[in-house]
Amino acid sequence: MDNKIKILIVAGLGLFFGVVVWAISTTPTAPPPPSEKIEPPSKMTYETNNIVEERNGVKVLELDSDKMIMDVANQIAEIENVRGKFYQTDGDFIELTANRGNYDYKSGDIHVEGDVLVVNSKGSKLSSGKLDWRGKEEILVASENVKISKDDMRAYGDIAEATNGLRHFKLKGNARILRGVKESEDNKQ
């Protein structure tokens, strides 16, 4: 064999063994660090949202909002510019508007505040600063400057509990009821 070929073979074998030694010596002995666990967001934001609640296949309420921030862990939704409709078993309904509030998916309870207005399909109205809907009991509890009106009757109080689509209510704290109030005199009360 020619010396040049012998030198090339020895150089090639030396290079091969050098690469093998380098690969073995630079291989990490510790396992790679665990990859970062990506947690899903705890709050999710939606624009123009609609919540519908049904019982036994019958729609009980619809709740629309311009913006909703959902707390995934607690199942509570913060809602803005609230519009709602609560359906009664006899076909009547009440409509709700408010500036903001929250809806608890677990209990079905709703809390709203800011220019709260509730109107039933028979023409009764309830306005207040705050309102709570207790879903299981189907009771509206209004507070802060409560006013209930129907035809020529006006009722005022600190707190009102209303059932059966505003047909029945109880007033508490500074309660007064006026009859024979004309629509033009309404704002003077």
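What follows is a conversation about how to read the features of this predicted model.

Colleague: Before we start, what should I know about the conventions?

Modeller: Residues are numbered from 1 along each chain as its sequence is written, and side-chain values use heavy atoms, with hydrogens and water left out. Since this is a predicted model, local features need pLDDT of at least 70 and side-chain atom pairs count only at pLDDT 80 or more, while totals for chains, interfaces and linings use all residues.

Colleague: Thanks! How many helices and strands does the chain have?

Modeller: Helices (H or I, at least four residues) and strands (E, at least two) are DSSP runs, numbered from the N terminus. Here the chain has one helix and ten strands, and in sequence order they read α-β-β-β-β-β-β-β-β-β-β.

Colleague: And the overall dimensions? What is the radius of gyration of the chain?

Modeller: The radius of gyration is taken over C-alpha atoms, and the globule rule is 2.2 Å times the number of residues to the power 0.38. For a compact globule of 189 residues that would be near 16 Å, but this chain has 34 Å. Along the principal axes, the C-alpha atoms fill a box of roughly 125 × 35 × 25 Å.

Colleague: Which pair of residues could I click on to get a feel for that?

Modeller: Try Gly12 in helix α1 (residues 3-25). Gly12 and Met70 are 58 residues apart in sequence, with 66 Å between their C-alpha atoms. For the opposite situation, pick Leu61 and Tyr87: they are 26 residues apart along the chain, yet their C-alpha atoms are separated by 5.9 Å.

Colleague: How do I read burial, and is Leu61 buried or exposed?

Modeller: Buried means under 20% relative accessible area, exposed over 50%, and partly exposed in between (1.4 Å probe, protein chains only). Leu61, in strand β2, is buried because its relative accessibility is 0%. Gly12, at 36%, is partly exposed. Over the 189 residues of the chain, 31% count as buried.

Colleague: What does Leu61 touch?

Modeller: Contact means heavy atoms within 4.5 Å. Not counting residues up to four places away in sequence, Leu61 touches several residues, among them Ile51, Phe86, Tyr87, Ile110 and Trp133. For the whole chain, 32% of the contacts between residues at least 6 apart in sequence join residues at least 24 apart.

Colleague: Now the hydrophobic part. Which residues have the most contacts inside the largest nonpolar core?

Modeller: In soluble globular proteins, nonpolar side chains tend to be buried together. A nonpolar core is a set of buried Ala, Val, Leu, Ile, Met, Phe, Trp, Tyr and Cys residues joined through side-chain atoms within 4.5 Å. The largest one here has 30 residues, and Leu63, Leu96, Val118 and Leu131 have the most contacts inside it. At least two residues of this core come from each of β2 (58-71), β3, β4, β5, β6, β7 (139-150) and β8 (153-163). Leaving aside neighbours within four places in sequence, Leu131 is in contact with residues including Leu96, Val118, Leu126 and Leu140.

Colleague: Loops next. Is Ser124 buried or exposed?

Modeller: Ser124 sits in the loop between β5 (110-120) and β6 (125-134), and Ser124 is buried because its relative accessibility is 6%. Beyond its neighbours within four places in sequence, Ser124 contacts Val118, Val119, Ser149, Lys150 and Leu166. Gln88, in the loop between β3 (76-87) and β4 (93-104), is buried too, at 19%. Gln88 touches Phe93, Asn164 and Gly165, with residues up to four places away not counted.

Colleague: And Asn174?

Modeller: Asn174 is in the loop between β9 (168-172) and β10 (176-178). With a relative accessible area of 64%, Asn174 is exposed. Apart from neighbours within four places in sequence, Asn174 is in contact with Tyr156, Gly157 and Asp158.

Colleague: One backbone check: where do Glu144 and Asn145 lie?

Modeller: Most residues other than glycine have a negative phi. Glu144, in strand β7, has a positive phi near 70°, and Asn145, also placed in strand β7, has a positive phi near 55°. Glu144 is partly exposed at 39%, whereas Asn145 is exposed at 72%.
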